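Thanks for making time this morning. I would like to take you through one chain, beginning with its overall build and ending with a single strand.

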Amino acid sequence: MAWFSKKPRIAVDPEPVAEPQPSRMQGLWAKCESCDEIIYRQELEKNWMVCPHCEHHHAWTARSRLAATLDPDSFEEFDKGLEPLDPLGFSDTKKYKDRLKTTRKNLDENDAFISGVGRIEGHQVSVGCFLFEFMGGSMGSVVGEKVTRVFERAYELKCPALVFSASGGARMQEGIFSLMQMAKTSAAIARFRNSGKPYVSVMLNPTTGGVAASFSWLGDVILAEPHALIGFAGPRVIEQTIRQKLPEGFQRSEFLLDHGMIDAIIHRKELRAKLGQLLGLLG
């Protein structure tokens, strides 16, 4: 019989392969991004997410940061019910409204910013903090509104304002509505200055884009964590634009401190005490 007239063999389905079961040890250990040391996660969390070997500052959740910085039980959250909409009906690989729904469900947060009033070593302060884990801490219309209300609330209460920034910049899914927040927040700071109270800006890793180009750089005192990436555009984009090699450590907090762009670099464990001292002197 010719080969082309033979009946094809019946393919036999392979036996299903059992999916690997998650190890009971999974999630108990973390690898330092800087020194590659393996650290017991519980020890890392107790150490304020700072590597005990090399002092590298790992990402820290906004609520943990506020709890560690503010006096116990002093934080009162405002504007929690504000939720972003989809004014442009934006869609890329996924609809914007579906992204928001998924992120809200996973993080149990409405947007990328938490705001309220608390105390640091007894000093009242209107405070806000970015959640970088919520769409890269991008600033849409609701984030801009909540940042603005931090300064409006500080103006009304005649108390200092404090903002922790960690953001990739404007939220592209909201287009011009996002870009308008740069002017809106800056105008709120201009009005707040009439109160004579200080605004302390704390830049975390990373603080970039429209957030860095607006209210984050407008602080009366500008602090940063060690080795934080701070700038408008990324180093790669700048190199491609100016066609020059950038200096070593460009846009890191140490480089910015050397060139007078920020006032101080504060270790995470020392930040609460430094903020209390600043508020006592300036507030």
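I will start with how the model should be read, then turn to the chain and to strand 8.

This is a predicted model, in which local features need pLDDT of at least 70 and side-chain atom pairs count only at pLDDT 80 or more, while totals for chains, interfaces and linings use all residues. Residues are numbered from 1 along each chain as its sequence is written, and side-chain values use heavy atoms, with hydrogens and water left out.

The protein chain holds nine helices and 10 strands, taken as DSSP runs numbered from the N terminus, with at least four residues of H or I for a helix and at least two of E for a strand. Its C-alpha atoms fill a box of roughly 100 × 50 × 45 Å along the principal axes. Of the 283 residues, 42% are buried, that is, under 20% relative accessible area with a 1.4 Å probe, protein chains only.

Now, what lies on either side of strand 8? In strand 8, residues 221–224, V221 and L223 on one side and I222 and A224 on the other are all buried, and both faces are thus covered. Strand 7, residues 199–208, runs parallel to strand 8 and is joined to it by four bridges, where pairing requires at least two bridges found by DSSP; V202 has L223 as its bridge partner. Strand 10, residues 264–265, also runs parallel to strand 8, with two bridges between them, and there I265 stands opposite A224.

How values were computed. Buried < 20%, exposed > 50% of the residue type's maximum accessible area, 1.4 Å probe, protein only.
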